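Got your viewer open and a selection box ready? Here is a short walk through a few spots worth clicking on.

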Amino acid sequence: MASLLADAFGAPRLLVGAREAGAGSLIARLLNGRPADDTLLALLESPADRYFEDHADQVRLLGAALSREDLRDIARKTLELHRPDHVIVGASAGYTIEKALIEAARQAGIPVTSIVDHYWNLWQRFAGDEPTDRWRDQPDMVAVPDAWCRDRLRELGCPVDTIVTFEHPLLWAPQVPADTALGLDVRKRLGLTQDAIVVLFISEYGFADAAKWQWDQPDERDIYRAAAELVALVRELAASTGRPMHVMIRPHPSEAYDWDAFADRHEDDLVLRGSGLSKPELFAVADIAFGLNSMLLAETGCAGIPSHSWFPDQSYQGLRLGQFASWVNECEDLEACSQAIRSIMAR
């Protein structure tokens with residue numbers, strides 16, 4: 001961890017805030033070793049809270065659908081009561097507890113650091129309600145997982161002087177093979193045969209197409225199209241080979257798409273729900289993984305699962321996960337997806 005970021009996390013009294021799963025997971029990991037006492041307080045929106053089990057007594061979970069004024073009031077009163085030496089927040093599009101804390105901390109003269117957990121949508125994370133208000137929320141320091149992000153922020157005109165990089169602990173950790181025994185147990189619990197091929201599809205949060213916001217990743221239609229085409233492919237492969245096969249859908253914690261209804265539109269057990277499984281269970285049961293740009297797809301690859309980024313719209317020219325996570329392969333078309341799955345079946 002960069003020394004400036006380490007200093008921030010080592011502040012005698014620390015206040016953190018996060019909303020999205022990626023930010024919550026990352027900040028919780030970076031807090032490893034922090035004492036379980038009143039020197040730390042976490043203001044968390046769902047789904048970021050799920051990663052703070054080790055700090056449960058230090059967490060204040062905020063209710064859903066709080067107004068902007070509610071969040072501002074919570075941030076201001078918490079700063080007055082907790083009196084932190086430093087504030088650390090995630091970085092999310094839209095108005096969140098993170099932005100409320102940036103505002104309140106800057107007004108109170110308390111240094112505030114914003115941690116970016118992904119490569120995409122860098123300026124959008126600091127914008128106001130309109131894209132013309134591009135840098136409305138400015139922390140004192142921004143921490144990013146790659147020098148590319150630092151340089152890109154500067155190219156975009158980020159007014160924050162201090163931009164530091166860190167090694168993302170969820171990605172750059174040594175590869176840990178999936179737990180074979182756990183995989184056998186999960187298959188038994190799910191009623192899957194041991195020779196069945198489990199194709200994991202990792203969904204992600206998709207924004208509706210909006211040219212003025214210039215979102216870096218594919219829009220939500222591409223996500224659902226990728227899943228539908230992958231399911232059709234797996235159905236065809238299962239029929240032609242006689243091998244039991246399933247697609248397990250792992251939703252993003254913040255997306256609203258009805259994957260249960262999606263599964264119900266297909267024959268029994270072709271599409272499985274993976275939302276109730278932990279990450280180790282997912283990695284243990286999956287034979288191969290597909291997705292678009294989710295960081296969980298990169299984590300799956302780090303667990304030794306062959307992982308592939310698959311864009312059904314080949315005209316897509318945005319950022320691609322394989323540019324940054326070299327162990328994630330890219331499938332150029334559905335035939336490449338088929339070949340990747342067949343290579344697993346041949347093992």
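Start by selecting Pro 47, which sits in the loop between β2 (40–44) and β3 (59–61). Bear in mind as you go that this is a predicted model. Show the backbone here: the peptide bond joining Ser 46 and Pro 47 is cis, with omega at about 15 degrees.

Keep that loop on screen and add Arg 19, in the loop between β1 (14–18) and α2 (21–30). Which residues does Arg 19 touch, leaving out those up to four places away in sequence? Both partners of the cis bond are there, Ser 46 and Pro 47, along with Glu 45 and Ala 48. The rest of the set is Ser 92, Ala 93, Tyr 95, Thr 96 and Glu 98. For a sense of distance, put a marker on Gly 274: its C-alpha atom is 22 Å from that of Arg 19, with the two positions 255 residues apart along the chain.

Now switch on a surface. Arg 19, Ser 46 and Pro 47 all help line the second largest pocket, which holds about 150 Å³ of space. To select the remainder of the lining, pick Glu 20, Glu 45, Leu 62, Gly 63, Ala 64, Ala 65, Tyr 95 and Ser 254. Colour the lining by class and you get 5 nonpolar, 3 polar and 3 charged residues.

Next stop, a helix pair. Select α3 (residues 68–82) and α4 (residues 97–108): their axes come within 8 Å and cross at roughly 50 degrees. The two helices are therefore oblique to each other, and the crossing is right-handed. Show side chains for Leu 71, Arg 72, Ile 74, Ala 75, Arg 76 and Leu 79 on α3, then Ile 97, Ala 100, Leu 101, Glu 103, Ala 104 and Ala 105 on α4; these make the contact. By class that contact has 9 nonpolar and 3 charged residues, and no polar ones.

Before leaving α3, step on to Arg 83, in the loop between α3 and β4 (86–89). Check its backbone torsions: phi is positive, about 50 degrees, although Arg 83 is not a glycine.

Last stop, another helix pair. Select α7 (residues 220–241) and α11 (residues 334–345), which pack at about 45 degrees with their axes 11 Å apart. That angle makes α7 oblique to α11. Which hand does the crossing of α7 and α11 have, left or right? It is right-handed. From α7, the contact takes in Glu 229, Leu 230, Leu 233, Val 234, Leu 237, Ser 240 and Thr 241. From α11, bring up Leu 334, Cys 337, Ser 338, Ile 341, Arg 342 and Met 345. Sorted by class, the contact of α7 with α11 has 8 nonpolar, 3 polar and 2 charged residues.

Conventions
Residues are numbered from 1 along each chain as its sequence is written. This is a predicted model: local features need pLDDT of at least 70, side-chain atom pairs count only at pLDDT 80 or more; totals for chains, interfaces and linings use all residues. Side-chain values use heavy atoms; hydrogens and water are left out. Axes are lines fitted to C-alpha atoms, for helices over the stretch in contact, and angles run from 0 to 180 degrees between N-to-C directions. Helices (H or I, at least four residues) and strands (E, at least two) are DSSP runs, numbered from the N terminus. Angles under 35 degrees count as roughly parallel, over 145 as roughly antiparallel, 65 to 115 as roughly perpendicular and the rest as oblique. A crossing is left-handed if the near helix is turned anticlockwise from the far one by less than a right angle, and right-handed if clockwise. Contact means heavy atoms within 4.5 Å. Ala, Val, Leu, Ile, Met, Phe, Trp, Tyr, Cys and Pro count as nonpolar, Asp, Glu, Lys and Arg as charged, and the others, Gly among them, as polar. On a 1 Å grid over the protein atoms alone, a cavity is a set of points where a 1.4 Å probe fits but cannot get out, and a pocket is an open set with protein on both sides within 12 Å along at least five of seven lines; lining residues have an atom within 4 Å of a point. Grid points are joined across faces, edges and corners, and a volume is the space filled by probe spheres set on the points.
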